[in-house]
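This report covers the nonpolar cores and two helix packings of a single model. It should be read alongside the sequence and the coordinates.

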Amino acid sequence: AQFVISAKDLEACPASSLPEFAFIGRSNVGKSSLINMLAAKKELAHTSSKPGKTQLINFFKINQAWHLVDLPGYGYAKLSKSKQQAFNRDISAYLTERTNLKHIFLLVDSQIEPQGGDLSFAEWLQQCGLSYSIIFTKTDRSSEIQVANHAQRFVEELEAWALQPTEIFYCSAKTKKGRGLLLQWIDRQLPKKPKKKPTNRLNLDWMQR
Ligand code: GTP
Ligand code: MG
């Protein structure tokens with residue numbers, strides 16, 4: 001994983017045809033921590049216990065094959081009205097107009113009851129015709145039963161809102177839960193690598209045996 005650039009808006013995003021996967025969710029839900037866990041690099045994306053840490057669109061290149069994008073969180077109450085409007089404009093432009101954006105992961109805190117803000121965001125993604133999945137974060141912080149309970153309630157709400165995310169993942173940045181499944185899933189969305197061409201060089205290794 002390598003850091004590429006921090007962009008303030010769509011225009012400042014790097015010209016690239018690499019498939020892109022973006023991570024969004026409420027401020028403090030654990031986006032940057034999840035990205036560090038996926039990349040197995042502690043300080044790649046900046047994290048903080050205070051909400052509102054990530055303010056720009058941050059691009060990371062993974063295996064020279066795809067871009068992982070860390071987005072600022074929504075619902076950060078301390079943001080001024082004008083900053084919130086700028087956020088809405090810039091992030092919605094990125095999400096709806098970035099041509100190489102393949103999939104959006106909407107992060108939802110597994111510790112809490114379903115939140116209207118998360119459901120509205122999922123609804124907006126679906127209305128825009130964007131492909132998205134849900135990731136429940138911080139699963140290490142509650143009992144398995146509680147996580148399952150919150151997740152089930154959230155899924156029921158999704159159904160009530162007629163929302164159909166592609167996949168649902170359960171992750172913890174602390175225990176690395178979900179890392180393998182999520183990376184494998186992303187890998188399956190990438191264009192197939194061309195198979196190695198058979199070599200037409202004569203192999204005379206057997207002569208040396
Ligand atoms: P903004 O950039 O402010 O929108 O926040 P963010 O969504 O990027 O959250 P961030 O990764 O900075 O994490 C917020 C806080 O939650 C930090 O104190 C993290 O250490 C903590 N945290 C994130 N993920 C986990 C997790 O899986 N388990 C536990 N126990 N703590 C977590
Ligand atoms: Mg962040």
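## Cores and helix contacts

In this predicted model, the largest nonpolar core has 29 residues, of which Ile24, Ile57, Leu71, Tyr94, Leu95 and Leu106 touch the most other members. At least two residues of this core come from each of β2 (20-25), β3 (57-62), α2 (81-97), β5 (101-109), α3, β6 (132-137) and α4. Another core, of 23 residues, lies apart from it and includes Leu68, Leu107, Phe169 and Leu190.

What does Leu106 contact, leaving aside neighbours within four places in sequence? The partners of Leu106 are Ile24, Gly25, Tyr74, Asp118, Phe121, Ala122, Leu125, Ser133, Ile134 and Ile135.

Two helix pairs are set out below.

| Helix pair | Axes come within | Crossing angle |
|---|---|---|
| α3 (residues 116-127) and α4 (residues 144-160) | 11 Å | roughly 45 degrees |
| α1 (residues 31-39) and α5 | 10 Å | roughly 80 degrees |

**α3 with α4.** The axes of α3 and α4 cross at roughly 45 degrees, so the two helices are oblique to each other. Their crossing is right-handed. On the α3 side, the contact is made by Asp118, Leu119 and Ala122, and on the α4 side by Phe154, Glu157 and Leu158. Sorted by class, this contact of α3 with α4 holds four nonpolar and two charged residues, with no polar ones. Two residues of α3 in this contact, Asp118 and Ala122, are also among the partners of Leu106.

**α1 with α5.** For α1 and α5, the angle is roughly 80 degrees; the helices are therefore roughly perpendicular to each other. From α1, the residues Leu34, Met37, Leu38 and Ala39 meet Arg179, Leu182 and Leu183 of α5. The contact of α1 with α5 divides into six nonpolar residues, no polar residues and one charged residue.

**Ile186.** Helix α5 (residues 179-189) also contains Ile186. Is Ile186 buried or exposed? Ile186 counts as buried, because its relative accessibility is 0%, where the cut-off for buried is under 20%. Not counting residues up to four places away in sequence, Ile186 touches Phe21, Trp66 and Phe105. One of these partners, Phe21, is 165 residues from Ile186 along the chain, yet the C-alpha atoms of Ile186 and Phe21 are separated by 8.2 Å.

Notes. Residues numbered from 1 in each chain as written. Chains lettered and ligands numbered in written order. Predicted model: local features only at pLDDT ≥ 70, side-chain atom pairs only at ≥ 80, totals over all residues. Heavy atoms only, no water. Axes fitted to C-alpha atoms, helices over the stretch in contact; angles between N-to-C directions. Helix = DSSP H or I, 4+ residues; strand = E, 2+ residues; numbered from the N terminus. Parallel < 35°, antiparallel > 145°, perpendicular 65-115°, else oblique. Left-handed = near helix turned anticlockwise from the far one by under 90°. Contact = heavy atoms within 4.5 Å. Nonpolar A, V, L, I, M, F, W, Y, C, P; charged D, E, K, R; others polar. Buried < 20%, exposed > 50% of the residue type's maximum accessible area, 1.4 Å probe, protein only. Core = buried A, V, L, I, M, F, W, Y, C linked by side-chain atoms within 4.5 Å.
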